[in-house]
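Hi,

Here is the structure I promised to pass on. Have a look at it first, and my notes follow below.

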Amino acid sequence: MEGKIRRDYIVLLLASSLTIMSGATIAPGLPAIKEHFSHVQHIDLLVRFILTAPALVIVMLAPFAGGLSDRYGRKKLLTFAIVLFGIAGSAGLYLDSLWSILLSRALVGASIAFVMTISTALVADYFPAGPSRESFMSKQSAFFGLGGLFFLTIGGFLADFGWRAPFAVRS
């Protein structure tokens with residue numbers, strides 16, 4: 001496999017794990033976040049939103065992500081989405097407001113909407129229909145599953161150090 005194609009192949013596999021990383025790493029820290037922001041009205045609902053906000057934004061933006069990537073370039077937007085994921089996903093390390101953390105979680109959802117959509121389009125670009133695409137898609141599914149196992153375990157371990165620690169996985 002050529003160097004450039006190999007790099008793109010690895011990037012696509014790693015991008016697959018970002019979708020599960022969005023919630024798996026911080027889920028173990030939710031009780032501590034709830035305790036930290038216990039003074040905030042409706043904290044029970046808002047803490048659950050920390051976990052679900054990305055999914056809501058994904059549902060709203062994914063239909064537009066494909067068109068925008070066709071118009072502005074898949075690789076450029078994928079790079080931007082991955083950088084946004086890193087910045088917004090790590091925001092819990094330094095943000096002190098529950099509302100700003102919720103906003104950062106919405107930005108995580110926006111980045112994942114683009115990563116998922118563009119990754120799927122790039123798979124179609126790089127792999128012709130048939131055995132090579134099927135082989136890659138099976139590897140991509142494996143990365144998704146392994147990412148869930150890996151990031152949930154790391155998130156649980158880091159949550160023992162404080163509610164902010166699981167946000168460090170994205171930085």
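Ser 38 sits in the loop between α2 (30-36) and α3 (43-72). This is a predicted model, by the way, so please read everything here in that light. With a relative accessibility of 52%, Ser 38 counts as exposed, the cut-off for that being over 50%. Its side chain still finds a partner: it reaches the backbone oxygen of Glu 35 at 3.2 Å.

For contrast, try another serine, Ser 111, which lies in helix α5. Ser 111 has a relative accessible area of just 1%, so it is buried. The side chain of Ser 111 has a polar atom 2.7 Å from the backbone oxygen of Val 108. Leaving aside residues up to four places away in sequence, Ser 111 touches Ala 81, Leu 84 and Phe 85.

Now for the helix pair. α5 (residues 98-126) packs against α6 (residues 131-159) at an angle of about 150°, and the axes are 10 Å apart. That angle is why α5 counts as roughly antiparallel to α6; the threshold is over 145 degrees. The crossing of α5 past α6 is right-handed. On the α5 side, the contact is made by Ser 119, Val 123 and Ala 124, while α6 supplies Arg 133, Phe 136, Met 137 and Gln 140. By type, the residues of this contact split into 4 nonpolar, 2 polar and 1 charged.

One last distance, linking back to the loop: the C-alpha atoms of Ser 38 and Met 137 are 43 Å apart, with their positions 99 residues apart along the chain.

Cheers

How values were computed
Residues numbered from 1 in each chain as written. Predicted model: local features only at pLDDT ≥ 70, side-chain atom pairs only at ≥ 80, totals over all residues. Heavy atoms only, no water. Axes fitted to C-alpha atoms, helices over the stretch in contact; angles between N-to-C directions. Helix = DSSP H or I, 4+ residues; strand = E, 2+ residues; numbered from the N terminus. Parallel < 35°, antiparallel > 145°, perpendicular 65-115°, else oblique. Left-handed = near helix turned anticlockwise from the far one by under 90°. Contact = heavy atoms within 4.5 Å. Nonpolar A, V, L, I, M, F, W, Y, C, P; charged D, E, K, R; others polar. Buried < 20%, exposed > 50% of the residue type's maximum accessible area, 1.4 Å probe, protein only. Polar contact = N/O pair within 3.5 Å; in protein donor to acceptor, adjacent residues only side chain to side chain.
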